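Biologist: I have not met this structure before and should be grateful for a guided reading. Please let me put my questions one at a time.

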Amino acid sequence: MPTKIKVTNNRYRLGYHLMTPGGWMNDPNGFCYFQGYYHVFYQYHPYSAEWGPMHWGHARSKDLVSWETLPIALTPGDPEDEDGCFSGSAVVKDDKLFLIYTGHHYYGDNDPDHFWQNQNLAYSTDGVHFTKYAHNPIIAKAPVDNTQHFRDPKVWQDNDHYYLVLGSQNQQGLGRVLLYRSDNLTDWTYLGPIAGAKDAQHEGFMWECPDLFNLNGQQVLLTSPQGIKATDKQYLNLYQTGYFIGQLDYHQPQLQYRTDFQELDHGHDFYATQTVLTPDGRRVVLGWMAMWESKMPEQADGWAGALTLPRELILKNQQLVMQPVREVAALRTKTLMDQQDTVNGVATFGEGLKQAEFKASLDLTATQQLKSTISLMNASQQAVVSLSFDQTTGNLVLQRADRPDARYAVTATDNDTLDLDIFVDTSSLEIFVNGGTVVFTERFYDDTAKSLRLQTDEAVTVTAKLFELDSQANRY
Ligand code: FRU
């Protein structure tokens with residue numbers, strides 16, 4: 001047995017985001033609620049800080065904010081998942097927790113494109129120990145018009161049936177989503193493709209990590225297409241995560257879209273989302289707070305990757321809004337500031353910030369053409385990350401000191417306020433603008449003392465609160 005890698009330096013370790021105890025993490029998997037706990041699994045390589053044969057790491061929480069790491073749930077190496085337990089999801093049936101995941105298999109030479117994929121099942125009665133189903137695989141082969149890209153099952157129950165969607169690529173090289181149905185979770189019938197790219201450049205050559213759910217009587221398809229060509233201000237990450245809103249017809253089967261593909265988050269570090277329905281009916285999403293092929297300086301310290309804060313998804317004007325779940329208020333350990341002031345020029349908030357939430361509302365009723373910038377500053381008073389707002393156009397521009405490429409979004413111009421809810425952690429920043437109608441997710445790597453700075457070119461009334469947040473919300 002190889003030995004698990006250990007964290008050698010805590011400089012970038014996060015205080016309240018889910019991360020591994022050491023080793024590599026990518027996609028969230030199996031996000032579910034079972035016997036009083038939320039469970040989150042994740043793509044995990046415990047033996048190095050690089051991607052490798054995928055295991056399922058595992059953590060659980062009673063409240064979505066303090067997490068307890070559990071033993072590895074799935075280890076690859078059995079005939080049906082020889083080279084990896086890839087992404088998948090969870091469902092509860094008869095008081096058992098079932099995981100459905102992709103088995104990854106290489107063949108032939110060392111060409112990483114020479115692989116095939118199947119779908120497998122594992123189960124648990126206590127939510128801690130998992131047994132792989134003796135008759136795996138449950139879906140042995142992709143449909144004949146598919147390529148080898150055939151992965152990331154997301155399962156749900158609808159009345160007497162279970163359904164799952166799978167990410168795939170058709171023989172024409174277009175990303176798409178396939179629908180399957182089952183009565184027992186072990187025997188699955190292929191119903192057909194329900195959505196897909198019309199052309200690869202605009203909609204992608206492969207759709208990873210699909211998730212399909214109801215929100216206010218409509219269906220949302222959340223997916224992570226690879227290969228969408230960047231425009232000036234959109235699709236700037238290597239791969240995207242976004243959604244379509246429509247109506248699912250199980251019989252056709254087809255998802256009739258009402259909207260085009262829209263990106264869910266505008267930051268550099270957001271991918272491969274998965275949602276859960278909470279017992280009180282909220283739809284909550286987690287994303288991988290990173291991007292394939294980005295630099296991850298924490299790899300030098302024996303770990304890589306983290307998950308975002310859990311965010312509630314709300315449908316508003318045919319758009320998905322993301323708000324930190326209300327449970328995050330429990331992370332507040334101290335109120336550092338609560339004040340209203342006029343800012344005309346520069347104002348600084350906090351000092352030595354590590355885990356913090358900054359909630360600010362800028363009154364736009366008396367400003368004309370406000371230009372403002374909120375920045376996370378380092379000890380040498382340089383901006384590590386900054387977000388600029390232009391009242392005239394609603395343009396938002398996010399810049400990061402360690403990346404030459406900015407990120408862009410537009411917010412409404414007729415609001416009376418600009419509202420910011422900013423979550424700082426040791427090496428991550430999540431900025432919720434105007435109630436989560438625009439969100440930016442970022443990692444940064446500067447371990448000097450931090451503060452926040454607001455710069456305005458007009459006098460503006462700012463109502464601001466600053467909280468210190470829990471630095472030990474993870475136990476492992
Ligand atoms: C998405 C993804 C999935 C796959 C997993 C492998 O980031 O590529 O499609 O199952 O990562 O780790």
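Biologist: Is Asn136 buried or exposed?

Modeller: This is a predicted model, in which local features need pLDDT of at least 70, side-chain atom pairs count only at pLDDT 80 or more, and totals for chains, interfaces and linings use all residues. Residues are numbered from 1 along each chain as its sequence is written, and side-chain values use heavy atoms, with hydrogens and water left out. Buried means under 20% relative accessible area, exposed over 50% and partly exposed in between, with a 1.4 Å probe and protein chains only. Asn136 has a relative accessible area of 14%, so the residue counts as buried.

Biologist: At what distance does the side chain of Asn136 reach the backbone oxygen of Tyr133?

Modeller: Asn136 belongs to the loop between E8 and E9, where a strand is a DSSP run of E of at least two residues, numbered from the N terminus. A polar contact is a pair of N or O atoms within 3.5 Å; within protein, one must be able to donate a hydrogen and the other to accept it, and residues adjacent in sequence count only if both atoms are side-chain atoms. A polar side-chain atom of Asn136 lies 2.9 Å from the backbone nitrogen of Leu121. For the backbone oxygen of Tyr133, the distance from the side chain of Asn136 is 3.3 Å.

Biologist: Which strands stand at the edges of the open sheet that contains E6 and E7?

Modeller: Two strands pair if DSSP finds at least two bridges between them. The sheet has four strands in the order E5-E6-E7-E8, with antiparallel pairing. Each edge strand has a single partner, so one side of it is left without a neighbour in the sheet; the edges are E5 and E8.

Biologist: Which residue of E6 is the bridge partner of Val91?

Modeller: E5 and strand E6 (residues 96-106) run antiparallel and are joined by eight bridges. Among these strands' residues, Val91 has as its bridge partner in E6 Phe98.

Biologist: Which strands give two or more residues to the shell around the ligand?

Modeller: A residue is near the ligand if one of its heavy atoms lies within 4 Å of it, and the shell includes Asn26, Gln43, Met54, Phe86, Arg151, Glu208 and Tyr271. Oxygen atoms of the ligand lie 2.8 Å from an N or O atom in the side chain of Asp27, 3.0 Å from one in Trp51 and 2.6 Å from a polar side-chain atom of Asp152. The ligand taken alone exposes 320 Å², of which the protein buries 95%, the areas coming from the Shrake-Rupley method with a 1.4 Å probe. The strands with two or more residues in the shell are E1 (23-34), E5 (85-93) and E9 (146-158).

Biologist: How many aromatic pairs are there?

Modeller: Rings of Phe, Tyr and Trp (its six-membered ring) pair if their centres lie within 6.5 Å; planes under 30 degrees apart count as stacked, over 60 as edge-to-face and the rest as tilted. By this rule, the number of aromatic pairs is 21.

Biologist: What is the angle between the planes of Tyr180 and Tyr190?

Modeller: Tyr180 lies in strand E11 (residues 175-182) and Tyr190 in strand E12 (residues 188-196), 10 residues apart. Tyr180 is buried at 4% relative accessible area, whereas Tyr190 is partly exposed at 31%. The two rings are 5.0 Å apart centre to centre and form a tilted pair, the angle between their planes being 40°.

Biologist: Which residues form one aromatic cluster with Phe244 and Phe261?

Modeller: The ring centres of Phe244 and Phe261 are 5.5 Å apart and their planes stand at 55°, so this pair is tilted. Phe244 lies in strand E15 (residues 242-249) and Phe261 in the loop between E16 and E17, 17 residues apart; both are buried. The cluster is completed by Trp207, Tyr235 and Tyr257.

Biologist: Which residue in the hairpin of E21 and E22 takes a positive phi?

Modeller: Strand E21 (residues 311-316) pairs antiparallel with strand E19 (residues 283-288) over two bridges, and Val284 stands opposite Glu312. E21 also pairs antiparallel with strand E22 (residues 319-324) over six bridges, with Gln319 as the partner of Lys316. Two residues lie between the strands of this hairpin, and the one with a positive phi, near 50°, is Asn317.

Biologist: What is the C-alpha to C-alpha distance between Lys450 and Asp390?

Modeller: Lys450 is found in strand E33 (residues 450-456) and counts as buried, at 4% relative accessibility. Lys450 and Asp390 are 60 residues apart in sequence, and their C-alpha atoms are separated in space by 25 Å.
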